Amino acid sequence: MTRAGAPARVSTAAVLAAVVAGVPACAAGDADVPPPVEVRLTTAGFEPVRLETAAGVEVRFVNGSERPQRVASVGLDDGEVAVPAGADPVDSGRLVAGATHAERLAVPGEYVVEALLDGARTRAIVTIEVKESP
């Protein structure tokens, strides 16, 4: 057991034993995981304003503006949110300048996300089309 914050020590022999035993290294399994995609929130709005990605890919929302903002699924007039049926809404909470919020959008369909300034005023919209994974 290690104390909190202290790095764990692993011997070279233990690593070699794991490899010889056929346990794949962490990096080896990452080849099948698509890289994350990024949506930047700037002073001009979202970049890009429309994005297509595969289901399960991590979408990173980066607040590249100088003001705190919130990224959230658009609320519709009927009280629902603009996400596919069965999907959880996107909500970053308060993102300070430079902060990142990541979501793994697993349900295929269209997600409409807005940027909100403090005070809940819509500032920008991005549409993310999530396609079935190949």
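**Exercise 1. Determine what share of the contacts between residues at least 6 apart in sequence joins residues at least 24 apart, and describe the chain as a whole.**

Solution. Step 1: in this predicted model, 57% of the contacts between residues at least 6 apart in sequence join residues at least 24 apart.

Step 2: the secondary structure consists of two helices and nine strands. Their order along the sequence is α-α-β-β-β-β-β-β-β-β-β.

Step 3: the chain has 134 residues, of which 33% count as buried. Its exposed surface is about 8500 Å², with carbon and sulfur atoms supplying 55% of that area.

**Exercise 2. Identify the residues with the most contacts inside the largest nonpolar core, and state which strands supply this core.**

Solution. Step 1: the largest nonpolar core contains 20 residues, and F46, F61 and I128 have the most contacts inside it.

Step 2: at least two residues of this core come from each of β1 (37-42), β4 (58-63), β8 (109-117) and β9 (121-131). The greatest contribution is that of β9, with four residues.

Step 3: the surroundings of F61 may then be listed. Beyond its neighbours within four places in sequence, F61 contacts V39, F46, V71, V90, L95, A99, T100, H101, E103, V113, V126 and I128. Both F46 and I128 appear in that list.

Step 4: a general tendency may be placed beside this result. In soluble globular proteins, nonpolar side chains tend to be buried together.

**Exercise 3. Establish the strand order of the four-stranded open sheet, and name its edge strands.**

Solution. Step 1: the order is β2-β1-β4-β7, with mixed pairing.

Step 2: β2 (45-47) and β7 (100-104) are the edge strands, each pairing on one side only. From one strand to the next, the twist averages 20°.

Step 3: the pairing of β4 with β7 is antiparallel and extends over five bridges. Within it, V59 stands opposite E103 in β7.

Step 4: the two faces of β7 are assigned as follows. H101 and E103 form the covered face, whereas T100, A102 and R104 form the uncovered one. In a regular strand the side chains alternate between the two faces of the sheet.

**Exercise 4. Decide whether E103 is buried or exposed, and characterise its surroundings.**

Solution. Step 1: E103 is located in strand β7.

Step 2: the relative accessibility of E103 is 18%. The cut-off for a buried residue is under 20%, so E103 counts as buried.

Step 3: apart from neighbours within four places in sequence, E103 touches V57, E58, V59, F61, V90 and D91. Its side chain also makes a polar contact of 2.7 Å with the side chain of H101.

Step 4: for the separation from R60, the sequence distance is 43 residues, while the C-alpha to C-alpha distance is 6.5 Å.

**Exercise 5. Compare the accessibility classes of Q69 and R123, and find the contacts that their side chains make.**

Solution. Step 1: Q69 belongs to strand β5 (residues 69-73), and R123 belongs to strand β9.

Step 2: Q69 has a relative accessible area of 1% and is therefore buried. R123, at 25%, is partly exposed, because the buried class requires a value under 20%.

Step 3: the side chains of R123 and Q69 are joined by a polar contact of 3.3 Å. The two residues lie 54 apart in sequence, with 9.2 Å between their C-alpha atoms.

Step 4: each side chain has a further polar partner. That of Q69 contacts the side chain of S65 at 2.8 Å, and that of R123 reaches the backbone oxygen of T43 at 3.2 Å.

Step 5: neighbours within four places in sequence being set aside, the contacts of Q69 include L41, N63, G93, R94 and L95. Those of R123 include T42, A44, G45 and S65. A115 and L117 are in contact with Q69 and also with R123.

**Exercise 6. State where S92 is placed, whether S92 is buried or exposed, and which residues are in contact with S92.**

Solution. Step 1: S92 is part of strand β6 (residues 91-95).

Step 2: with a relative accessible area of 15%, S92 is buried.

Step 3: outside the neighbours within four places in sequence, S92 is in contact with R70, V71 and H101. Of these residues, V71 and H101 are also contacts of F61.

Note on methods: Residues numbered from 1 in each chain as written. Predicted model: local features only at pLDDT ≥ 70, side-chain atom pairs only at ≥ 80, totals over all residues. Heavy atoms only, no water. Core = buried A, V, L, I, M, F, W, Y, C linked by side-chain atoms within 4.5 Å. Buried < 20%, exposed > 50% of the residue type's maximum accessible area, 1.4 Å probe, protein only. Contact = heavy atoms within 4.5 Å. Pairing = 2+ DSSP bridges. Axes fitted to C-alpha atoms, helices over the stretch in contact; angles between N-to-C directions. Polar contact = N/O pair within 3.5 Å; in protein donor to acceptor, adjacent residues only side chain to side chain. Areas by Shrake-Rupley, 256 points an atom, 1.4 Å probe, with all protein chains shown as cover.
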